[in-house]
Amino acid sequence: MIIIPAIDIIDGKCVRLTQGDYSQKKEYSKHPLEIAKRFEDAGLKRLHLVDLDGAKEKKVKNWKVLETIASKTSLVIDFGGGIAAEKDLGIVFDSGAAFATVGSIAVKNESEFIKWLLMFGADRFLLGADVKDKMIVIHGWTEKTKNPVFDFIEKYFGKGVQQIFCTDVSKDGKLEGPSVELYTEIIEKFPGLYFIASGGVASIRDLHALKEIGCKAVIIGKALYENRISLTDLKEFL
């Protein structure tokens, strides 16, 4: 199981939100590159980079942070937040992202997203399924849809999307443990999917539980920043 550390960006700084709430923001570093290098030095290979300003304004904002980290580390970066138009994808890929992370567009404008899959290749996308009560939520978790997560995954898995990460909004940033039951259900329904767990991870025990059910990777954020899990702890997963 691959460990993917997360860096969330507001105003060029490394922050974390609780349950996607911008009013519950905690700043961890003014220098995201230093955090990324720390991850790289620990032996981690990937990075989940989220432009929270972009997510709010529906256009990519913090691409300079992406460009800096991509040019000064060897991390394989997926970048999301504010990718709403074809030109945003151009910025993201030109700035050094290996994958574009999308979610809202795949719900709100299916035909446009399918066009992107054909244009750039489905293997260049990491699809985010943000969930509350097994229903997809979008736009930084501010809007709940009537789209069941299983239907959503089935549709785009069938279109060639290989990597999907699922975040249970009710768990994210609360360090209460991940949604193991939901993830087990998804993995059982889609055995060929490269499934990435996200949200709620609070301990090494949680990582073992996710590995046991068959997660291919897990995104970790707050647990690292709050020292619930140390970079040394992660060595057994490298």
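**Helix α9**

I started with helix α9, residues 204-213, in this predicted model. I looked up which of its residues are hidden and found I204, D206, L207 and L210 buried. Looking down the axis of α9, I saw these buried residues fall within an arc of 155 degrees, so they line one face of the helix. On the face turned away from that buried side I noted the exposed residues R205 and E212.

What covers the buried residues of α9? My list includes strand β1 (2-10), helix α8 (180-189), and the strands β11 (194-198) and β12 (217-220). Just after α9 comes G214, and I wrote down its positive phi, near 105 degrees.

**I3 in strand β1**

Since β1 is among the elements covering α9, I went to I3, which sits in that strand. Is I3 buried or exposed? Its relative accessibility is 4%, and under 20% means buried, so I3 counts as buried.

I then checked what I3 touches, leaving aside residues up to four places away in sequence. The contacts are L44, L207, V218, I220, L234 and F237. L207 is a residue I had already met as one of the buried ones of α9. I also looked at I3 and L238: they are 235 residues apart in sequence, yet their C-alpha atoms are 7.9 Å apart in space.

**The nonpolar cores**

Next I turned to the largest nonpolar core, which has 68 residues. Which of them touch the most other members? They are I7, F113, I186, L207 and I220. Helix α7, residues 149-157, gives this core its largest share, five residues. Apart from this core I found another one, of eight residues, with I4, A6, F99 and L126 among them.

I followed up on I186, and again set aside residues up to four places away in sequence. I186 touches V149, F150, I153, C166, L193 and F195.

**The loop between β7 and β8**

For my next entry I went to the loop between β7 (125-132) and β8 (135-138), where D133 is found. K134 is in this loop too. I looked up their backbone angles, keeping one rule in mind. Most residues other than glycine have a negative phi. D133 is not a glycine, yet its phi is positive, about 55 degrees. K134 is not a glycine either, and its phi is also positive, about 65 degrees.

How exposed are the two? D133 has 61% relative accessibility, so it counts as exposed. K134 has 39%, so it counts as partly exposed.

**The whole chain**

Last, I stepped back to take in the chain. I noted 10 helices and 12 strands. The C-alpha atoms fill a box of roughly 40 × 35 × 30 Å along the principal axes. I compared the radius of gyration with what a compact globule of 238 residues would have: that would be near 18 Å, and the chain has 16 Å, which agrees.

Buried residues make up 55% of the 238 residues. I also asked how contacts spread along the sequence: among those with a separation of 6 or more, 65% join residues 24 or more positions apart. For the surface, I wrote down about 10500 Å² exposed by the chain, with carbon and sulfur atoms supplying 47% of it.

Conventions. Residues are numbered from 1 along each chain as its sequence is written. This is a predicted model: local features need pLDDT of at least 70, side-chain atom pairs count only at pLDDT 80 or more; totals for chains, interfaces and linings use all residues. Side-chain values use heavy atoms; hydrogens and water are left out. Buried means under 20% relative accessible area, exposed over 50%, partly exposed in between (1.4 Å probe, protein chains only). Helices (H or I, at least four residues) and strands (E, at least two) are DSSP runs, numbered from the N terminus. The arc is that of the directions from the helix axis to the C-beta atoms. Contact means heavy atoms within 4.5 Å. A nonpolar core is a set of buried Ala, Val, Leu, Ile, Met, Phe, Trp, Tyr and Cys residues joined through side-chain atoms within 4.5 Å. The radius of gyration is taken over C-alpha atoms; the globule rule is 2.2 Å times the number of residues to the power 0.38. Accessible areas come from the Shrake-Rupley method with a 1.4 Å probe; for residues, only the protein chains shown count as cover.
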